[in-house]
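Colleague: Please take a close look at the aromatic rings in this model. Walk me through them slowly, and then look at what else the side chains do.

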Amino acid sequence: MKRIAMAAAAMAVVMMAAQAMAVSAGKTVEWPTSMGKVTFKGDDHAGKGLKCNECHTKIFKMKKGSTQMKMADINAGKYCGECHNGKKAFKPAGNCAKCHKK
């Protein structure tokens, strides 16, 4: 019984560490798009008081390359669009240059 409790505690620590490591402080994730490179900065979002687990794994999976976003999805309120809807954060429409850099 003690081994099971210890294993469960170890698993919880690993899961929390994985959530916290999505884009750690000072790190960025970049990907190319037809409209220019998009750079996600963990510090920008953390600076607004957001925690990694607010998006991971609720909106985004923890596996690199597992999410294939399209602007139509974001504009429809999926992925980044869950918050970037013009109410919680800036809406994507008309704000292309905030994310896409040529």
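**Rings and their partners**

Modeller: Tyrosine 79 is partly exposed, with a relative accessible area of 22%. Keep in mind that this is a predicted model. Buried would need a value under 20%. Phenylalanine 60 meets that cut-off: its relative accessibility is 14%, so it counts as buried.

Now put these two residues together. The structure holds one aromatic pair. Its members are phenylalanine 60 and tyrosine 79, with ring centres 5.9 Å apart. Their planes lie at 25°, so the pair is stacked. Planes under 30 degrees apart count as stacked. The pair links distant parts of the chain, 19 residues apart. Phenylalanine 60 sits in the loop between helix H2 (42–46) and helix H3 (71–75). Tyrosine 79 sits in the loop between H3 and E3.

Another ring has a charged partner. It belongs to phenylalanine 90, and the charged end of lysine 98 sits over it. That end is 4.6 Å from the ring centre.

Next, go to strand E3 itself. It covers residues 100–101, and histidine 100 is part of it. Histidine 100 has 16% relative accessibility, so it counts as buried. Its side chain makes a polar contact with the side chain of threonine 33, at 3.0 Å. Threonine 33 also appears among the contacts of histidine 100 beyond its neighbours within four places in sequence. Met35, Gly36, Lys37, Val38 and Met71 complete that list.

Notes:
Residues numbered from 1 in each chain as written. Predicted model: local features only at pLDDT ≥ 70, side-chain atom pairs only at ≥ 80, totals over all residues. Heavy atoms only, no water. Helix = DSSP H or I, 4+ residues; strand = E, 2+ residues; numbered from the N terminus. Buried < 20%, exposed > 50% of the residue type's maximum accessible area, 1.4 Å probe, protein only. Polar contact = N/O pair within 3.5 Å; in protein donor to acceptor, adjacent residues only side chain to side chain. Contact = heavy atoms within 4.5 Å. Phe/Tyr/Trp six-rings, centres within 6.5 Å; stacked < 30°, edge-to-face > 60°. Lys NZ or Arg CZ within 6 Å of the ring centre and 35° of its normal.
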